[in-house]
Amino acid sequence: MSKQEYMDKAEQYLLHTYNRFPVVFERGQGVYLYDTDGKEYLDFAAGIAVFALGYNDPEYNQALTDQLGKIIHTSNLYYNIPAAEAAQKLVGKSGMSKVFFTNSGTEAIEGAIKVARKYAYLKDGSTDHEIIAMNHSFHGRSLGALSVTGNTHYQEPFKPLIGGVKFADFNDLESVKAQVTEKTCAIILETVQGEGGIYPADPEFLKGVEKLCREKDILLILDEIQCGMGRTGELFAWQAYGVQPDVMTVAKALGCGVPVGAFVLNEKTAQNSLVPGDHGTTYGGNPLACAAVSKVFDLFEEKNILEHVRQIAPYLEKKLDELAEKHSCIVARRGKGLMQGLVITGFPVGQLVTKALEKGLVVISAGSDVLRLVPPLVIQEKHVDEMIVRLEEAIKELEA
Ligand SMILES: *Cc1c(COP(=O)(O)O)cnc(C)c1O
């Protein structure tokens, strides 16, 4: 079948909830993707910050193949070995206490919301607690996660959402304080806002929110689904801030391609929230997904991923800043580590994404005007150079 035939077939049978770019990816190798015409693309999107280790890593593939040959699903009525091992590693690396595995980031957020409500319920028995979320945040598309996503456009047609959610401005501590009441049970935020346009939390802001939470026994929920798993040069972005969440959500690169997420609780929260009967999942924590998670943690150590990100990120930043100097359509760069955004003016960022694809470069957008770069964490300087060449070709054509 030709590329057009694959695309036609997809449009005929898949619900049209995405305006997809006209590319059919067939396979990946390292930091490159190949479409059905055999065309090569340098990947600076990693399947939306998922494929941290690059494509077709032999050790990762072997771990999954080994697990396939044993068992891939048991349900949570029984114990399985990979889940215990993956949870141990996640607890060890985060310094937190207990893990609940989910199948997606959205489900991790749902769990975190339930934890917060149950924690507050156990304290005062009331059922009208409030959660403070941030404007321009993104936490997912299910009704609970959508309720704490600060984007009215996503929310509007699906109202009524869950009640008791208030919004404050990211990086504006006073706006958060203004929303706190006796009923506030949690404050949820991304340590680095992703979909909203790549905004890292200011250290004073995040420390201030943490202090507020401690003073009032409000749970601090940090969404590390996009910015976690090494992307900023720390395994979890909050580790650079000297703060500690009560609840952390992870997903995306957690399984490096296998659908898996988790919410992770500190001791206080684990001891005072969900108990048997409160929450569950058929698939969550299944042996296949957890074999992937477990191997991802091993490979992060073996390949010194955090060291590598810390060493390559300044090079990426320098090259992006140089590009911005040369082209007036780039008005700002923001980000941390290998999570970078370029603010684009003069043409829609979607046009740049499309043009870059033509030039063999996969990048994505964030917010209305930000070009988002979230490459596999294993990129090298030569890939940064190649990315700049292809991106600049795309920019030049749009500027012409
Ligand atoms: C992607 C994302 C989610 C939702 O995760 P899914 O796996 O798509 O359900 C939630 N929060 C953040 C910060 C994300 O980037």
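How much space lies in the second largest pocket? In this predicted model, the second largest pocket holds about 820 Å³ of space. Of the 25 residues that line the second largest pocket, those closest to its centre are N76, K98, V99, F100 and F101. Three elements, namely α4 (81–94), β4 (98–102) and β12 (261–265), each supply at least two residues of this lining. Sorted by class, the lining of the second largest pocket has 15 nonpolar residues, nine polar residues and one charged residue.

The ligand and its surroundings can be described in the same way. Around the ligand stand S104, G105, T106, F138, H139, E190, D223, I225, Q226 and K252, and by class this shell has two nonpolar, five polar and three charged residues. Several polar contacts link the ligand to these surroundings, and the table lists them with their distances.

| Ligand atom | Protein partner | Distance |
|---|---|---|
| Oxygen | Polar backbone atom of G105 | 2.8 Å |
| Nitrogen | Polar backbone atom of F138 | 3.2 Å |
| Nitrogen | N or O atom in the side chain of D223 | 2.7 Å |

The protein covers 82% of the 380 Å² of accessible area that the ligand has on its own. In these contacts the backbone takes part at G105 and at F138, whereas at D223 the partner is an N or O atom of the side chain.

Notes
Residues are numbered from 1 along each chain as its sequence is written. This is a predicted model: local features need pLDDT of at least 70, side-chain atom pairs count only at pLDDT 80 or more; totals for chains, interfaces and linings use all residues. Side-chain values use heavy atoms; hydrogens and water are left out. A residue is near a molecule or strand if one of its heavy atoms lies within 4 Å of it. A polar contact is a pair of N or O atoms within 3.5 Å; within protein, one must be able to donate a hydrogen and the other to accept it, and residues adjacent in sequence count only if both atoms are side-chain atoms. Accessible areas come from the Shrake-Rupley method with a 1.4 Å probe; for residues, only the protein chains shown count as cover. Ala, Val, Leu, Ile, Met, Phe, Trp, Tyr, Cys and Pro count as nonpolar, Asp, Glu, Lys and Arg as charged, and the others, Gly among them, as polar. On a 1 Å grid over the protein atoms alone, a cavity is a set of points where a 1.4 Å probe fits but cannot get out, and a pocket is an open set with protein on both sides within 12 Å along at least five of seven lines; lining residues have an atom within 4 Å of a point. Grid points are joined across faces, edges and corners, and a volume is the space filled by probe spheres set on the points. Helices (H or I, at least four residues) and strands (E, at least two) are DSSP runs, numbered from the N terminus.
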